[in-house]
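Here's a walk through how the parts of this assembly sit against each other. Keep the view open and follow along, one interface at a time.

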Amino acid sequence: MNLTLHVWRQKNATDKGRMTTYAAKGVNPEMSFLEMLDVLNEELTMKGEDPIAFDHDCREGICGSCGFMINGVAHGPLPKTTVCQLHMRHFKNGDKLYLEPWRASAFPVLKDLVVNRSAFDRIIASGGYVSVPSGSAPDGNAIAIPKQDSDRAMDSAQCIGCGACVAACPNASAALFTGAKIHHLGMLPQGQPERKKRALRIVAQANAELFGSCTNIGECEAVCPKGINLEVIAAMNRDFLRASWSARPDAVVAE
Amino acid sequence: MQLDSRVPSGPIEKAWENYKFEMKLVNPANKRKYNIIVVGSGLAGGSAAATMAELGYNVKCFCFQDSPRRAHSIAAQGGINAAKNYQNDGDSIFRLFYDTVKGGDFRAREANVYRLAQISVDIIDQCVAQGVPFAREYGGTLANRSFGGAQVSRTFYARGQTGQQLLLGAYQALERQVDAGKVEMIPRTEMLDLVVVDGKARGIITRNLITGKIEAHVADAVVLGTGGYGNVYYLSTNAKGSNATAIWRAHKRGALFANPCFTQIHPTCIPVSGDYQSKLTLMSESLRNDGRIWVPKKQGDKRAPAQIPEAERDYYLERRYPSFGNLVPRDVASRNAKAVCDEGRGVGESGLGVYLDFADAIQRLGKATIVERYGNLFEMYERITGENPYELPMRIYPAIHYTMGGLWVDYQLMSTIPGLFVIGEANFSDHGANRLGASALMQGLSDGYFVLPYTIGNYLASTKLEKVTTSLPEFCAAENGVAEMTKRLLSIRGNRTVSSFHRELGKLLWDHCGMSRNEAGLKEGIQKIVSLREDFWKNVNVLGSGEELNQALEKAGRVADFFELGELMCRDALDRNESCGGHFREEYQTPEGEALRDDVNYSYVAAWAYPAVLHKEPLTFDYVHPSQRSYK
């Protein structure tokens, strides 16, 4: 099948950027979306044109490297699917596709479809952990954890940090990402000692990174490749409110 | 060269404990005076960087991905072994040690493996404390599943995303240290050379992948946790960015490369569908717990699987290996799949595939249980193939998955260059000629959380380290070398892309040094690799400049190293005139077609100096006596 691709091309962070049109010819429906771009890049290279830069690594939908907008939808049309796992059999001959990078001021574009998501790392660094130095752990079965709690923690822990939630949100909020981490650790007994501090610091850091506020629109949940549930945002808000009222001043808030 | 493994004397159960007492310690107040570089942020590198920072060392950690959370450990699916014996089914440290040495076909160092089995129990505790949501029973205790090569249930798991959850645990510990100012995390940066001063590893040269800036970094010790080299085959289950450049360039600086031909072919991957294919996707080995593997009895039987009656199916693993059945180790399962396909009984369009069938399991356990155990894997299969595995059996075929070989290290995980430590898949140490499932995560975390943080202290406390700066000639020369190579790759402007060379190299290696090997094929393979490499340096086309994000340039440097490594793999495979584990030489097999080891002549670690000079570390087995592996 043949497709028309309109792709965002931007040389570097300071370049203004523009859409450029390419013809993808003879696309095999069994290819993944990124394999289709690989083939196009090979052709561009042989023509002496700069290949399209995009982030990708595992191509199994778990590393969270890949992701861009396809016709305005983060990771494209298939639910719960990263762009590396999206196959061309879901498109049809003659389709026109617009490929753009994640758009958010907290995710500046580095080149073409590649953005800088290190704000997510700084959010985790602000409190997305349990402070347990290596070697100081009790036996793994010392604390029984109800299966349903552990399963719910796992539902949130599955977040791959791809940033689709931010890209899909009209406010560019990172609430699904921050909520997922706060909920994951908050569901487990190991996460309790730092629960309040975690909520305060993570929310403050997300604000400092210029992610927007959540207004419960739900676009994030709709595009999340791991199906993270909107309820994690409610859980985060509960923890944040409770901590704001009751936390002692030594629960340090990020600058 | 005399290779000293520095294994502590005395009984194996006490070796690690004795070592920990005898090693020299760095005073807590002095730890902050030491700078350590960690390259790689996966289970090994990430856990090591976090732990050393917790101890007080200053750590600089590098990764080529945009975040340390994306290291390829994240893709591990099935689980992590530990000798907890929570299932009360007869497991013990000795049994895990025994299974691993036997599974590795008696080509691993006993003392290392024993230590690994001992530490396995601490890893689970550490990860649980970090908040890793392992699967649990209704009573709240940790759940286990079975894996290949073992008859006890000792694998801990978090659905089909165990690697992800363990890596996020290590990543969060690492980010905590970033916040504390003890780790400087440098993502999107690639190590391109090792700097050796006065015979000791004292720094690295890196390239910033966004700006192209080439920089030198000084340290008192350098740790490589950069993973395996499976991508030398182009098609593998590795992430697209996984590469051998860090270990290969360290090798060229003097670190010996051990057992390069020991590569693992994973039996359960989704078969190749076309020439454009960029990578292969693994279906976790845990599927073999409940799935049954079969092919039609008749050659060329093209009927749909449901039309083939039970009597005309060959459940060949259950037939040939009644006691382990579908749970034989990976090398055995892979070779058998190849054998039935070679007989013309393979399934799917290409004939390169076998069925992995869940119909019996769904009938026995109900669909809900199967969804809970493997739901995400089934979804992934359907996403890729467009077929529903609840209704049709999966089609699987072996693919390159893991490399047991790597830089040679002693018991302290130090390479032949003092001050250069190598951890996780990047070293060769614990899996011999074949790794058992759920043991890679165990080894990466064992090295990072619990071994290296001790042994590196011993090195620092017992070594006199002069002050060095990046203005030393050694640093300048290395930096210039890197800049030269970048310039050279960009100046060729030939008529073939980097990927097309890589694909051809991969095909050559798969054909000549893949699932089975023979003398003539290996010799031919070496010749072809050498001539393709010459062509690469004349005809590769890398556009753009070195001062920008240039993904083709990154790839070109990595493929250049794969060419050299691929040749060494063939030389090693040619030199090892026996079959063991993942290394199957057609000339050396039993009448039933099983691997035929030669313990008299080949019970050694083949450690290669650059360029291709062989040294040997003899292996002795005092606790597990080498026997022909039998899973019948």
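## Where the two chains meet

Start with the contact between the chains: 75 residues of chain B touch 78 residues of chain A. Bear in mind that this is a predicted model. Together the two chains bury about 6,200 Å², with carbon and sulfur atoms giving 49% of that area. Which three residues put in more than any other three on the chain B side? They are Arg70(B), Tyr276(B) and Arg383(B), and they supply 12% of the area that chain B buries against chain A.

What sort of residues does chain B bring here? Its side of the contact divides into 25 nonpolar, 30 polar and 20 charged residues. As for secondary structure, the elements of chain B that each supply at least two residues to this side are helix 3 (43-55), helix 5 (110-130), helix 6 (162-179), helix 11 (367-385), helix 12 (440-461) and helix 14 (498-513). Helix 6 of chain B gives the most, with 8 residues.

## Charges and polar pairs between the chains

Side chains of opposite charge can pair when their charged atoms come close. How many salt bridges cross the interface of chain B and chain A? The count is 8. One to pull up on screen is Glu372(B) with Lys147(A), where the closest N and O atoms are 3.0 Å apart. Polar contacts also cross this interface: 48 residue pairs, both partners at pLDDT 80 or more.

## Chain B as a whole

Now for chain B by itself. It has 17 helices and 19 strands, and its C-alpha atoms fill a box of roughly 75 × 60 × 50 Å along the principal axes. Does the chain come out compact or extended by its radius of gyration? A compact globule of 632 residues would have a radius of gyration near 26 Å, and chain B has 24 Å, so the value agrees with a compact globule.

## Two domains inside chain B

Chain B is divided into domain 1 (266-401) and domain 2 (480-599). The contact between these domains takes 10 residues from domain 1 of chain B and 10 residues from domain 2 of chain B. Their C-alpha centres lie 29 Å apart. Domain 1 of chain B and domain 2 of chain B bury about 830 Å² between them, 56% of it on carbon and sulfur atoms. On the domain 1 side, Arg320(B), Arg335(B) and Lys338(B) supply 50% of the buried area, more than any other three residues.

Arg320(B) has a second role to look at: its side chain meets that of Glu594(B) in a salt bridge (3.2 Å, N to O). The count of salt bridges between these two domains is 1. There are also 4 residue pairs in polar contact across this interface, both partners at pLDDT 80 or more. On the domain 1 side, helix 9 (330-342) and strand 15 (394-403) of chain B are the elements that give two or more residues, and helix 9 gives the most, with 4 residues. Sorted by type, the domain 1 side holds 4 nonpolar, 1 polar and 5 charged residues.

## Two domains inside chain A

Chain A is divided too, into domain 1 (3-111) and domain 2 (118-246). Each side of their contact is listed with 18 residues, and 29 Å separate the C-alpha centres of the two domains. The area buried between domain 1 of chain A and domain 2 of chain A is about 1,300 Å², with carbon and sulfur atoms giving 67%. Lys80(A), Ala106(A) and Phe107(A) supply 35% of the area that domain 1 of chain A buries here, more than any other three residues.

How many salt bridges link the two domains of chain A? The count is 0. The interface does have 2 residue pairs in polar contact, both partners at pLDDT 80 or more. The residues on the domain 1 side divide into 10 nonpolar, 6 polar and 2 charged.

## A salt bridge within chain A

Over all chains, the structure holds 70 salt bridges. One of them joins Glu30(A) and Arg89(A), with the closest N and O atoms 3.2 Å apart. Glu30(A) lies in the loop between strand 2 (18-24) and helix 1 (33-46) of chain A, and Arg89(A) in the loop between strand 4 (73-74) and strand 5 (96-100), so the pair ties together parts that are 59 residues apart in sequence.

Notes. Residues are numbered from 1 along each chain as its sequence is written. Chains are lettered from A and ligands numbered from 1 in the order in which they are written. Side-chain values use heavy atoms; hydrogens and water are left out. Domain bounds come from an automatic or database domain assignment. Contact means heavy atoms within 4.5 Å. Buried area is the accessible area (1.4 Å probe) that two parts lose on being put together, summed over both. A salt bridge is a side-chain nitrogen of Lys or Arg within 4 Å of a carboxyl oxygen of Asp or Glu. A polar contact is a pair of N or O atoms within 3.5 Å; within protein, one must be able to donate a hydrogen and the other to accept it, and residues adjacent in sequence count only if both atoms are side-chain atoms. Ala, Val, Leu, Ile, Met, Phe, Trp, Tyr, Cys and Pro count as nonpolar, Asp, Glu, Lys and Arg as charged, and the others, Gly among them, as polar. The radius of gyration is taken over C-alpha atoms; the globule rule is 2.2 Å times the number of residues to the power 0.38.
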